[in-house]
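Take a walk through this model, from the fold of one chain to the partner chain and then to the DNA.

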2 protein chains.
Amino acid sequence: MQSQKKTSASLHDEVLVQLRRMIYECELKPGSRIVERPLCERLSVSRTPLREAFKVLASEGLIELLPNCGARVAPLGEKDIRDALEVMGVIEGLAGELAAVRASDDIIAEIRALHYQMYAHYLRRELPEYFRLNQAIHQKIIQAAGNTVLSAQYNLLSLHVARARYMVNRLDDERWSQAMKEHDAILDCLVRRAGAELRELLRSHLMNKLSSLLSHLPQPEAEAADAGKSGTRVAAENGAAHRVNEAAIIREPAPL
Amino acid sequence: MQSQKKTSASLHDEVLVQLRRMIYECELKPGSRIVERPLCERLSVSRTPLREAFKVLASEGLIELLPNCGARVAPLGEKDIRDALEVMGVIEGLAGELAAVRASDDIIAEIRALHYQMYAHYLRRELPEYFRLNQAIHQKIIQAAGNTVLSAQYNLLSLHVARARYMVNRLDDERWSQAMKEHDAILDCLVRRAGAELRELLRSHLMNKLSSLLSHLPQPEAEAADAGKSGTRVAAENGAAHRVNEAAIIREPAPL
DNA sequence: GTTCATCAAATTGAATGCAATATTATAACA
DNA sequence: TGTTATAATATTGCATTCAATTTGATGAAC
(Lines give C-alpha, C1' and ligand atoms only; values in the text may rest on other atoms or scores of the structure.)
Protein backbone atom coordinates (compact mmCIF):
# COMPACT_ATOMS: atom_id res chain seq x y z
CA MET A 1 0.00 0.00 0.00
CA GLN A 2 2.93 2.35 0.63
CA SER A 3 5.25 0.94 -2.00
CA GLN A 4 5.16 3.70 -4.60
CA LYS A 5 7.20 6.59 -3.38
CA LYS A 6 8.18 9.45 -5.58
CA THR A 7 5.81 10.18 -8.39
CA SER A 8 2.60 9.13 -6.72
CA ALA A 9 2.46 11.68 -3.94
CA SER A 10 0.55 14.86 -4.57
CA LEU A 11 2.60 17.94 -5.26
CA HIS A 12 1.56 19.36 -1.95
CA ASP A 13 2.90 16.37 -0.06
CA GLU A 14 6.21 16.44 -1.86
CA VAL A 15 6.64 20.08 -1.00
CA LEU A 16 5.74 19.33 2.58
CA VAL A 17 8.34 16.59 2.86
CA GLN A 18 10.97 18.75 1.20
CA LEU A 19 10.32 21.70 3.47
CA ARG A 20 10.35 19.58 6.58
CA ARG A 21 13.73 18.25 5.60
CA MET A 22 15.04 21.71 4.82
CA ILE A 23 13.84 22.93 8.18
CA TYR A 24 15.10 20.18 10.44
CA GLU A 25 18.41 20.10 8.62
CA CYS A 26 18.61 23.82 9.29
CA GLU A 27 18.99 24.54 5.60
CA LEU A 28 16.32 27.07 6.49
CA LYS A 29 17.80 28.63 9.59
CA PRO A 30 15.74 29.06 12.76
CA GLY A 31 14.27 32.53 12.94
CA SER A 32 14.91 33.37 9.32
CA ARG A 33 12.11 34.69 7.21
CA ILE A 34 10.77 32.70 4.27
CA VAL A 35 9.55 34.48 1.16
CA GLU A 36 7.18 32.47 -0.97
CA ARG A 37 8.17 33.18 -4.53
CA PRO A 38 11.87 32.28 -4.35
CA LEU A 39 10.96 29.01 -2.69
CA CYS A 40 8.38 28.35 -5.39
CA GLU A 41 11.00 28.70 -8.10
CA ARG A 42 13.44 26.59 -6.17
CA LEU A 43 10.95 23.78 -5.68
CA SER A 44 9.40 24.27 -9.11
CA VAL A 45 5.87 24.58 -7.84
CA SER A 46 3.27 27.28 -7.78
CA ARG A 47 2.39 29.25 -4.70
CA THR A 48 -0.77 27.30 -3.98
CA PRO A 49 0.76 23.98 -2.87
CA LEU A 50 3.54 25.85 -1.12
CA ARG A 51 1.10 27.87 0.91
CA GLU A 52 -0.86 24.75 1.80
CA ALA A 53 2.35 23.18 3.04
CA PHE A 54 3.05 26.33 5.06
CA LYS A 55 -0.22 25.98 6.89
CA VAL A 56 0.60 22.42 7.87
CA LEU A 57 4.12 23.30 8.95
CA ALA A 58 2.74 26.10 11.07
CA SER A 59 0.32 23.76 12.80
CA GLU A 60 3.25 21.45 13.43
CA GLY A 61 5.15 24.31 15.00
CA LEU A 62 8.04 24.23 12.55
CA ILE A 63 7.32 27.65 11.12
CA GLU A 64 5.42 30.68 12.32
CA LEU A 65 2.87 32.44 10.16
CA LEU A 66 2.55 36.14 10.87
CA PRO A 67 -0.62 37.62 9.35
CA ASN A 68 0.16 39.55 6.20
CA CYS A 69 3.82 39.32 7.05
CA GLY A 70 4.69 35.93 5.71
CA ALA A 71 6.39 33.01 7.36
CA ARG A 72 9.56 32.45 9.28
CA VAL A 73 11.23 29.35 10.58
CA ALA A 74 10.33 28.84 14.20
CA PRO A 75 13.16 29.89 16.48
CA LEU A 76 14.63 27.05 18.51
CA GLY A 77 15.93 28.18 21.85
CA GLU A 78 16.85 26.33 24.97
CA LYS A 79 13.32 26.62 26.25
CA ASP A 80 11.83 25.14 23.09
CA ILE A 81 14.14 22.13 23.23
CA ARG A 82 13.39 21.60 26.89
CA ASP A 83 9.67 21.80 26.34
CA ALA A 84 9.74 19.36 23.46
CA LEU A 85 11.84 16.80 25.27
CA GLU A 86 9.83 17.02 28.46
CA VAL A 87 6.74 16.05 26.51
CA MET A 88 8.60 13.51 24.42
CA GLY A 89 9.79 11.91 27.64
CA VAL A 90 6.32 11.03 28.85
CA ILE A 91 5.19 10.10 25.35
CA GLU A 92 7.98 7.63 24.86
CA GLY A 93 7.64 6.50 28.45
CA LEU A 94 4.04 5.62 27.78
CA ALA A 95 5.13 3.85 24.62
CA GLY A 96 7.48 1.69 26.62
CA GLU A 97 4.87 0.95 29.22
CA LEU A 98 2.41 -0.12 26.55
CA ALA A 99 4.98 -1.96 24.47
CA ALA A 100 6.03 -4.06 27.45
CA VAL A 101 2.47 -5.33 27.57
CA ARG A 102 1.45 -5.37 23.94
CA ALA A 103 4.57 -6.20 21.96
CA SER A 104 4.69 -9.67 20.49
CA ASP A 105 7.71 -11.85 21.14
CA ASP A 106 8.64 -11.47 17.50
CA ILE A 107 8.77 -7.72 17.78
CA ILE A 108 10.92 -7.92 20.87
CA ALA A 109 13.22 -10.30 19.02
CA GLU A 110 13.49 -7.79 16.20
CA ILE A 111 14.34 -5.04 18.64
CA ARG A 112 16.93 -7.25 20.26
CA ALA A 113 18.52 -7.87 16.86
CA LEU A 114 18.58 -4.18 16.11
CA HIS A 115 20.11 -3.57 19.50
CA TYR A 116 23.05 -5.87 18.92
CA GLN A 117 23.62 -4.45 15.47
CA MET A 118 23.66 -1.01 17.03
CA TYR A 119 26.08 -2.21 19.68
CA ALA A 120 28.46 -3.44 17.00
CA HIS A 121 28.40 -0.03 15.34
CA TYR A 122 28.97 1.58 18.72
CA LEU A 123 32.08 -0.51 19.26
CA ARG A 124 33.39 0.56 15.87
CA ARG A 125 32.45 4.17 16.47
CA GLU A 126 30.35 4.23 13.32
CA LEU A 127 28.06 7.04 14.27
CA PRO A 128 25.73 7.34 11.27
CA GLU A 129 24.94 3.63 11.35
CA TYR A 130 24.60 3.70 15.11
CA PHE A 131 22.26 6.57 14.79
CA ARG A 132 20.10 4.94 12.16
CA LEU A 133 19.64 1.83 14.29
CA ASN A 134 19.03 3.93 17.36
CA GLN A 135 16.17 5.61 15.56
CA ALA A 136 14.89 2.29 14.31
CA ILE A 137 14.80 0.84 17.82
CA HIS A 138 12.89 3.77 19.23
CA GLN A 139 10.53 3.64 16.29
CA LYS A 140 9.89 -0.05 16.88
CA ILE A 141 9.06 0.59 20.50
CA ILE A 142 6.68 3.32 19.47
CA GLN A 143 4.99 1.08 16.94
CA ALA A 144 4.80 -1.75 19.44
CA ALA A 145 2.71 0.48 21.68
CA GLY A 146 -0.08 0.14 19.13
CA ASN A 147 -1.40 3.63 19.64
CA THR A 148 -1.80 5.75 16.50
CA VAL A 149 -2.14 9.02 18.39
CA LEU A 150 1.03 8.28 20.30
CA SER A 151 2.89 7.50 17.09
CA ALA A 152 1.74 10.72 15.49
CA GLN A 153 2.78 12.85 18.45
CA TYR A 154 6.11 11.10 18.69
CA ASN A 155 6.92 11.63 15.03
CA LEU A 156 6.00 15.27 15.32
CA LEU A 157 8.22 15.81 18.32
CA SER A 158 11.01 13.91 16.60
CA LEU A 159 11.13 16.62 13.98
CA HIS A 160 11.72 19.30 16.55
CA VAL A 161 14.35 17.26 18.35
CA ALA A 162 16.10 16.48 15.07
CA ARG A 163 16.27 20.20 14.47
CA ALA A 164 17.97 20.69 17.81
CA ARG A 165 20.37 17.86 17.09
CA TYR A 166 21.39 19.47 13.84
CA MET A 167 22.07 22.68 15.67
CA VAL A 168 24.30 20.92 18.17
CA ASN A 169 25.75 18.60 15.58
CA ARG A 170 27.92 16.44 17.77
CA LEU A 171 27.88 13.78 20.46
CA ASP A 172 30.64 13.46 22.98
CA ASP A 173 32.04 10.07 23.83
CA GLU A 174 30.98 10.10 27.42
CA ARG A 175 27.37 10.67 26.53
CA TRP A 176 27.62 8.07 23.81
CA SER A 177 28.77 5.34 26.15
CA GLN A 178 26.17 6.32 28.69
CA ALA A 179 23.46 6.18 26.05
CA MET A 180 24.65 2.74 25.06
CA LYS A 181 24.39 1.56 28.66
CA GLU A 182 20.89 2.98 28.88
CA HIS A 183 19.95 1.08 25.77
CA ASP A 184 21.21 -2.11 27.35
CA ALA A 185 18.87 -1.49 30.25
CA ILE A 186 16.03 -0.62 27.89
CA LEU A 187 16.36 -3.91 26.07
CA ASP A 188 16.57 -5.74 29.36
CA CYS A 189 13.35 -4.18 30.59
CA LEU A 190 11.64 -4.99 27.36
CA VAL A 191 12.48 -8.69 27.39
CA ARG A 192 11.41 -8.86 31.03
CA ARG A 193 8.30 -6.89 30.06
CA ALA A 194 8.89 -4.61 33.01
CA GLY A 195 6.56 -1.82 31.91
CA ALA A 196 6.86 0.69 34.71
CA GLU A 197 10.61 0.32 34.83
CA LEU A 198 10.89 0.73 31.09
CA ARG A 199 8.75 3.83 31.24
CA GLU A 200 11.03 5.53 33.74
CA LEU A 201 14.08 4.37 31.85
CA LEU A 202 12.93 5.81 28.55
CA ARG A 203 11.95 9.04 30.19
CA SER A 204 15.29 9.47 31.90
CA HIS A 205 16.99 8.43 28.66
CA LEU A 206 15.42 11.43 27.03
CA MET A 207 16.13 13.72 29.95
CA ASN A 208 19.80 12.79 29.65
CA LYS A 209 19.66 13.51 25.96
CA LEU A 210 18.19 16.88 26.87
CA SER A 211 21.08 17.65 29.18
CA SER A 212 23.54 16.61 26.51
CA LEU A 213 21.86 18.76 23.89
CA LEU A 214 21.64 21.81 26.11
CA SER A 215 25.24 21.55 27.22
CA HIS A 216 26.37 21.69 23.61
CA LEU A 217 23.99 24.40 22.46
CA PRO A 218 25.76 26.96 20.21
CA GLN A 219 24.97 30.30 21.78
CA PRO A 220 23.13 29.98 25.11
CA GLU A 221 22.09 33.62 25.35
CA ALA A 222 23.99 35.84 22.99
CA GLU A 223 23.13 39.05 21.16
CA ALA A 224 20.39 37.27 19.21
CA ALA A 225 18.38 36.83 22.39
CA ASP A 226 15.45 38.85 21.09
CA ALA A 227 15.07 36.71 17.96
CA GLY A 228 12.14 34.92 19.53
CA LYS A 229 9.99 37.94 20.09
CA SER A 230 10.83 40.87 17.87
CA GLY A 231 9.29 40.91 14.45
CA THR A 232 12.37 42.20 12.67
CA ARG A 233 14.10 39.60 10.55
CA VAL A 234 17.22 38.73 12.46
CA ALA A 235 18.92 36.14 10.34
CA ALA A 236 20.36 34.50 13.48
CA GLU A 237 23.52 33.75 11.50
CA ASN A 238 24.60 30.87 13.69
CA GLY A 239 27.86 29.87 12.13
CA ALA A 240 28.11 27.04 14.64
CA ALA A 241 25.93 24.84 12.48
CA HIS A 242 28.92 23.57 10.54
CA ARG A 243 31.52 23.62 13.24
CA VAL A 244 33.78 20.60 13.32
CA ASN A 245 35.44 19.60 16.53
CA GLU A 246 37.02 16.74 18.39
CA ALA A 247 33.74 14.95 18.89
CA ALA A 248 31.93 12.70 16.48
CA ILE A 249 29.92 14.47 13.82
CA ILE A 250 26.35 13.61 13.13
CA ARG A 251 25.60 13.53 9.45
CA GLU A 252 22.56 11.31 9.28
CA PRO A 253 19.85 12.60 11.57
CA ALA A 254 16.82 10.44 10.96
CA PRO A 255 15.45 8.26 8.17
CA LEU A 256 12.03 9.37 9.30
CA MET B 1 -1.97 41.83 21.55
CA GLN B 2 -4.74 39.26 21.22
CA SER B 3 -7.64 41.55 22.03
CA GLN B 4 -9.23 41.91 18.61
CA LYS B 5 -11.20 38.79 17.85
CA LYS B 6 -13.62 38.54 15.00
CA THR B 7 -12.84 40.74 12.07
CA SER B 8 -9.07 40.75 12.35
CA ALA B 9 -8.43 37.06 11.78
CA SER B 10 -7.56 35.99 8.29
CA LEU B 11 -10.26 34.28 6.33
CA HIS B 12 -8.35 31.06 6.51
CA ASP B 13 -8.29 31.13 10.30
CA GLU B 14 -11.98 31.84 10.56
CA VAL B 15 -12.74 28.90 8.33
CA LEU B 16 -10.43 26.75 10.41
CA VAL B 17 -12.15 27.68 13.64
CA GLN B 18 -15.58 27.17 12.11
CA LEU B 19 -14.71 23.77 10.73
CA ARG B 20 -13.17 22.63 13.98
CA ARG B 21 -16.35 23.54 15.78
CA MET B 22 -18.50 21.81 13.20
CA ILE B 23 -16.40 18.68 13.50
CA TYR B 24 -16.14 18.35 17.25
CA GLU B 25 -19.81 19.19 17.64
CA CYS B 26 -20.47 16.38 15.19
CA GLU B 27 -22.33 18.74 12.89
CA LEU B 28 -20.08 17.04 10.39
CA LYS B 29 -20.58 13.42 11.32
CA PRO B 30 -17.60 11.12 11.81
CA GLY B 31 -16.88 9.14 8.67
CA SER B 32 -18.99 11.32 6.41
CA ARG B 33 -17.49 12.69 3.26
CA ILE B 34 -16.97 16.42 2.81
CA VAL B 35 -17.40 18.02 -0.61
CA GLU B 36 -15.64 21.31 -1.03
CA ARG B 37 -18.01 23.48 -3.02
CA PRO B 38 -21.11 23.19 -0.83
CA LEU B 39 -19.00 24.03 2.19
CA CYS B 40 -17.55 27.01 0.35
CA GLU B 41 -21.00 28.41 -0.31
CA ARG B 42 -22.09 27.73 3.23
CA LEU B 43 -19.08 29.50 4.71
CA SER B 44 -19.05 32.17 2.00
CA VAL B 45 -15.43 31.65 1.06
CA SER B 46 -13.59 30.45 -1.97
CA ARG B 47 -12.02 27.04 -2.25
CA THR B 48 -8.51 28.29 -1.56
CA PRO B 49 -8.84 29.12 2.14
CA LEU B 50 -11.08 26.11 2.63
CA ARG B 51 -8.50 23.79 1.19
CA GLU B 52 -5.79 25.36 3.32
CA ALA B 53 -7.92 24.72 6.36
CA PHE B 54 -8.42 21.13 5.22
CA LYS B 55 -4.69 20.55 5.19
CA VAL B 56 -4.39 21.76 8.76
CA LEU B 57 -7.35 19.73 9.95
CA ALA B 58 -5.86 16.66 8.34
CA SER B 59 -2.57 17.19 10.14
CA GLU B 60 -4.54 17.54 13.35
CA GLY B 61 -6.24 14.23 12.64
CA LEU B 62 -9.75 15.63 12.54
CA ILE B 63 -10.29 14.81 8.88
CA GLU B 64 -8.73 12.40 6.44
CA LEU B 65 -7.56 13.51 3.02
CA LEU B 66 -7.72 10.78 0.42
CA PRO B 67 -5.71 11.66 -2.70
CA ASN B 68 -7.98 12.76 -5.51
CA CYS B 69 -10.94 11.54 -3.52
CA GLY B 70 -11.56 14.48 -1.25
CA ALA B 71 -11.92 14.68 2.47
CA ARG B 72 -13.95 12.92 5.07
CA VAL B 73 -14.39 13.47 8.76
CA ALA B 74 -12.11 11.14 10.66
CA PRO B 75 -14.04 8.20 12.06
CA LEU B 76 -14.06 8.05 15.83
CA GLY B 77 -14.19 4.51 17.14
CA GLU B 78 -13.51 3.01 20.51
CA LYS B 79 -9.88 2.53 19.59
CA ASP B 80 -9.43 6.16 18.59
CA ILE B 81 -10.89 7.40 21.85
CA ARG B 82 -8.75 5.02 23.86
CA ASP B 83 -5.60 6.06 22.00
CA ALA B 84 -6.29 9.75 22.46
CA LEU B 85 -7.02 9.46 26.17
CA GLU B 86 -4.03 7.25 26.87
CA VAL B 87 -1.79 9.94 25.48
CA MET B 88 -3.75 12.72 27.08
CA GLY B 89 -3.33 10.94 30.40
CA VAL B 90 0.44 11.21 30.40
CA ILE B 91 0.35 14.70 28.93
CA GLU B 92 -1.90 16.03 31.65
CA GLY B 93 -0.03 13.98 34.22
CA LEU B 94 3.14 15.73 33.20
CA ALA B 95 1.31 19.02 33.38
CA GLY B 96 0.33 18.30 36.96
CA GLU B 97 3.83 17.26 37.88
CA LEU B 98 5.27 20.44 36.44
CA ALA B 99 2.51 22.66 37.77
CA ALA B 100 3.08 21.39 41.29
CA VAL B 101 6.60 22.76 41.03
CA ARG B 102 6.17 25.80 38.83
CA ALA B 103 2.74 27.22 39.64
CA SER B 104 2.76 30.43 41.63
CA ASP B 105 0.68 30.66 44.77
CA ASP B 106 -1.60 33.08 42.98
CA ILE B 107 -2.32 30.58 40.24
CA ILE B 108 -3.10 27.89 42.77
CA ALA B 109 -5.40 30.31 44.54
CA GLU B 110 -7.18 30.94 41.26
CA ILE B 111 -7.58 27.24 40.69
CA ARG B 112 -8.91 26.81 44.18
CA ALA B 113 -11.48 29.51 43.55
CA LEU B 114 -12.53 27.87 40.32
CA HIS B 115 -12.78 24.57 42.11
CA TYR B 116 -15.22 25.85 44.71
CA GLN B 117 -17.28 27.56 42.06
CA MET B 118 -17.42 24.29 40.20
CA TYR B 119 -18.40 22.48 43.38
CA ALA B 120 -21.30 24.84 43.85
CA HIS B 121 -22.55 24.10 40.35
CA TYR B 122 -22.11 20.41 41.02
CA LEU B 123 -24.34 20.63 44.07
CA ARG B 124 -27.00 22.37 42.00
CA ARG B 125 -26.60 19.92 39.15
CA GLU B 126 -25.87 22.74 36.72
CA LEU B 127 -23.97 20.74 34.18
CA PRO B 128 -23.02 23.35 31.58
CA GLU B 129 -21.57 25.68 34.20
CA TYR B 130 -19.88 22.75 35.93
CA PHE B 131 -18.41 21.76 32.65
CA ARG B 132 -17.13 25.18 31.79
CA LEU B 133 -15.32 25.47 35.11
CA ASN B 134 -14.00 21.96 34.81
CA GLN B 135 -12.40 22.89 31.52
CA ALA B 136 -11.08 26.10 33.00
CA ILE B 137 -9.42 24.25 35.86
CA HIS B 138 -7.73 21.77 33.61
CA GLN B 139 -6.65 24.59 31.34
CA LYS B 140 -5.14 26.47 34.26
CA ILE B 141 -3.15 23.42 35.29
CA ILE B 142 -1.89 23.05 31.75
CA GLN B 143 -0.88 26.69 31.59
CA ALA B 144 0.77 26.48 34.99
CA ALA B 145 3.08 23.81 33.61
CA GLY B 146 4.71 26.53 31.56
CA ASN B 147 5.42 24.30 28.59
CA THR B 148 4.21 25.52 25.22
CA VAL B 149 4.59 22.18 23.50
CA LEU B 150 2.58 20.53 26.21
CA SER B 151 -0.16 23.13 25.89
CA ALA B 152 -0.35 22.66 22.15
CA GLN B 153 -0.57 18.89 22.39
CA TYR B 154 -3.18 19.10 25.11
CA ASN B 155 -5.38 21.47 23.16
CA LEU B 156 -5.13 19.26 20.14
CA LEU B 157 -6.13 16.17 22.05
CA SER B 158 -8.94 18.09 23.70
CA LEU B 159 -10.54 18.49 20.31
CA HIS B 160 -10.65 14.77 19.76
CA VAL B 161 -11.96 14.08 23.23
CA ALA B 162 -14.60 16.77 22.84
CA ARG B 163 -15.73 14.99 19.72
CA ALA B 164 -16.11 11.75 21.66
CA ARG B 165 -18.02 13.55 24.37
CA TYR B 166 -20.46 14.93 21.86
CA MET B 167 -21.01 11.46 20.54
CA VAL B 168 -21.77 10.15 24.00
CA ASN B 169 -23.62 13.25 25.05
CA ARG B 170 -24.34 12.41 28.64
CA LEU B 171 -22.80 11.96 32.04
CA ASP B 172 -24.32 9.64 34.60
CA ASP B 173 -24.64 10.76 38.18
CA GLU B 174 -22.33 8.14 39.58
CA ARG B 175 -19.47 9.18 37.33
CA TRP B 176 -20.24 12.80 38.08
CA SER B 177 -19.89 12.41 41.81
CA GLN B 178 -16.75 10.34 41.37
CA ALA B 179 -15.26 12.99 39.12
CA MET B 180 -16.04 15.61 41.74
CA LYS B 181 -14.24 13.56 44.38
CA GLU B 182 -11.27 13.22 42.09
CA HIS B 183 -11.19 16.96 41.63
CA ASP B 184 -11.14 17.40 45.40
CA ALA B 185 -8.05 15.23 45.50
CA ILE B 186 -6.51 17.09 42.57
CA LEU B 187 -6.86 20.41 44.33
CA ASP B 188 -5.47 18.90 47.51
CA CYS B 189 -2.39 17.62 45.72
CA LEU B 190 -1.88 20.95 44.07
CA VAL B 191 -1.92 22.98 47.27
CA ARG B 192 0.42 20.46 48.86
CA ARG B 193 2.50 20.63 45.69
CA ALA B 194 2.66 16.87 45.62
CA GLY B 195 3.81 16.50 42.03
CA ALA B 196 4.11 12.74 41.62
CA GLU B 197 0.82 12.15 43.36
CA LEU B 198 -0.92 14.76 41.25
CA ARG B 199 0.51 13.20 38.11
CA GLU B 200 -0.96 9.80 38.91
CA LEU B 201 -4.21 11.37 40.00
CA LEU B 202 -4.68 13.30 36.78
CA ARG B 203 -3.79 10.28 34.74
CA SER B 204 -6.27 8.03 36.51
CA HIS B 205 -8.82 10.84 36.32
CA LEU B 206 -8.59 10.63 32.55
CA MET B 207 -8.59 6.85 32.53
CA ASN B 208 -11.84 6.93 34.47
CA LYS B 209 -13.23 9.40 32.00
CA LEU B 210 -12.21 6.96 29.29
CA SER B 211 -14.13 4.14 30.93
CA SER B 212 -17.14 6.36 31.30
CA LEU B 213 -17.02 7.43 27.67
CA LEU B 214 -16.58 3.93 26.35
CA SER B 215 -19.41 2.52 28.45
CA HIS B 216 -21.79 5.04 26.95
CA LEU B 217 -20.59 4.77 23.38
CA PRO B 218 -23.52 4.67 20.94
CA GLN B 219 -22.91 1.53 18.90
CA PRO B 220 -19.96 -0.49 20.22
CA GLU B 221 -19.65 -2.71 17.17
CA ALA B 222 -22.74 -2.64 15.00
CA GLU B 223 -23.30 -2.91 11.25
CA ALA B 224 -21.20 0.22 10.67
CA ALA B 225 -18.11 -1.58 11.90
CA ASP B 226 -16.34 -1.18 8.58
CA ALA B 227 -16.75 2.58 8.55
CA GLY B 228 -13.18 2.99 9.59
CA LYS B 229 -11.66 1.14 6.67
CA SER B 230 -13.92 1.02 3.65
CA GLY B 231 -13.80 3.99 1.34
CA THR B 232 -17.51 4.08 0.66
CA ARG B 233 -19.26 6.97 2.30
CA VAL B 234 -21.24 5.44 5.13
CA ALA B 235 -23.07 8.34 6.67
CA ALA B 236 -22.86 6.65 10.09
CA GLU B 237 -26.33 8.02 10.88
CA ASN B 238 -25.92 7.77 14.60
CA GLY B 239 -29.27 8.85 15.87
CA ALA B 240 -27.91 8.63 19.38
CA ALA B 241 -26.39 12.06 19.05
CA HIS B 242 -29.57 13.76 20.18
CA ARG B 243 -30.94 11.10 22.45
CA VAL B 244 -32.32 12.37 25.71
CA ASN B 245 -32.39 10.10 28.69
CA GLU B 246 -32.41 10.03 32.44
CA ALA B 247 -28.86 11.32 32.67
CA ALA B 248 -27.70 14.89 32.48
CA ILE B 249 -27.20 16.28 29.01
CA ILE B 250 -24.04 18.01 27.98
CA ARG B 251 -24.71 21.08 25.89
CA GLU B 252 -21.59 23.09 26.32
CA PRO B 253 -18.50 21.09 25.44
CA ALA B 254 -15.60 23.47 25.67
CA PRO B 255 -14.98 27.19 25.42
CA LEU B 256 -11.71 26.33 23.81
C1' DG C 1 -29.85 -11.17 -15.74
C1' DT C 2 -25.16 -10.08 -14.80
C1' DT C 3 -20.82 -8.06 -15.94
C1' DC C 4 -17.75 -5.21 -18.37
C1' DA C 5 -16.67 -1.22 -21.20
C1' DT C 6 -17.24 3.43 -22.60
C1' DC C 7 -18.74 8.10 -21.84
C1' DA C 8 -20.51 12.19 -19.31
C1' DA C 9 -20.75 14.76 -15.12
C1' DA C 10 -18.68 16.02 -11.00
C1' DT C 11 -14.85 16.79 -8.05
C1' DT C 12 -10.25 17.50 -6.84
C1' DG C 13 -5.35 19.45 -7.69
C1' DA C 14 -2.74 23.16 -9.22
C1' DA C 15 -1.66 27.67 -11.65
C1' DT C 16 -2.62 32.26 -12.63
C1' DG C 17 -4.45 36.91 -11.74
C1' DC C 18 -5.99 40.65 -8.86
C1' DA C 19 -6.75 43.38 -4.72
C1' DA C 20 -5.01 44.54 -0.07
C1' DT C 21 -1.37 45.11 3.05
C1' DA C 22 3.25 45.63 4.43
C1' DT C 23 8.08 46.97 3.51
C1' DT C 24 11.56 49.88 1.67
C1' DA C 25 13.30 53.88 -0.41
C1' DT C 26 13.04 58.72 -1.15
C1' DA C 27 12.33 63.24 0.07
C1' DA C 28 10.80 67.02 2.87
C1' DC C 29 11.06 69.23 7.23
C1' DA C 30 12.58 70.36 11.95
C1' DT D 1 21.84 65.67 10.90
C1' DG D 2 18.05 63.20 12.42
C1' DT D 3 13.13 62.38 11.98
C1' DT D 4 8.82 61.99 9.78
C1' DA D 5 5.83 61.75 5.85
C1' DT D 6 4.99 59.86 1.40
C1' DA D 7 5.35 57.20 -2.63
C1' DA D 8 7.09 53.05 -5.02
C1' DT D 9 7.97 48.36 -4.63
C1' DA D 10 7.32 43.91 -3.03
C1' DT D 11 4.70 40.38 -0.78
C1' DT D 12 0.80 38.27 0.99
C1' DG D 13 -4.32 36.72 0.85
C1' DC D 14 -7.87 35.25 -1.84
C1' DA D 15 -10.75 34.37 -6.03
C1' DT D 16 -10.99 32.55 -10.38
C1' DT D 17 -9.69 29.39 -14.01
C1' DC D 18 -7.91 25.29 -16.20
C1' DA D 19 -6.32 20.50 -16.31
C1' DA D 20 -6.50 15.77 -14.44
C1' DT D 21 -8.65 12.24 -12.07
C1' DT D 22 -12.57 10.03 -10.27
C1' DT D 23 -17.41 8.85 -9.83
C1' DG D 24 -21.69 7.49 -11.69
C1' DA D 25 -24.44 6.05 -15.48
C1' DT D 26 -25.79 4.17 -19.77
C1' DG D 27 -25.41 0.64 -22.93
C1' DA D 28 -23.45 -3.54 -25.05
C1' DA D 29 -21.83 -8.23 -24.75
C1' DC D 30 -21.89 -12.71 -22.62
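Two residues are in contact if their C-beta atoms, placed from the backbone, lie within 7 Å. In chain A, 77% of the contacts with a separation of 6 or more join residues 24 or more positions apart. This is a predicted model: local features need pLDDT of at least 70, side-chain atom pairs count only at pLDDT 80 or more, and totals for chains, interfaces and linings use all residues. Residues are numbered from 1 along each chain as its sequence is written, while chains are lettered from A and ligands numbered from 1 in the order in which they are written.

Chain A has 9 helices and 5 strands. Helices (H or I, at least four residues) and strands (E, at least two) are DSSP runs, numbered from the N terminus. Their order is α-β-α-α-β-β-α-α-α-α-β-α-α-β. Of the 256 residues of chain A, 41% are buried (20 or more other C-beta atoms within 10 Å of the residue's own, placed from the backbone).

Now add chain B. A rotation of 180° with 0.0 Å of shift along its axis superposes chain B on chain A, with RMSD 0.0 Å. The two copies are therefore related as by a two-fold rotation axis. The fit is by least squares on the C-alpha atoms of residues with pLDDT of at least 70 in both. In addition, 100% of the interface residues of chain B are also interface residues in chain A, so the copies meet through the same surface.

Which residues are closest to DNA strand C? They are A:L11, A:S46, A:T48, B:E36 and B:G70, among 18 that surround the strand. Near means a C-beta atom, placed from the backbone, within 6 Å. The largest share of this surface, 3 residues, comes from α3(A).

Note on methods. A residue is buried if 20 or more other C-beta atoms lie within 10 Å of its own, exposed if 12 or fewer, and partly exposed in between; C-beta atoms are placed from the backbone.
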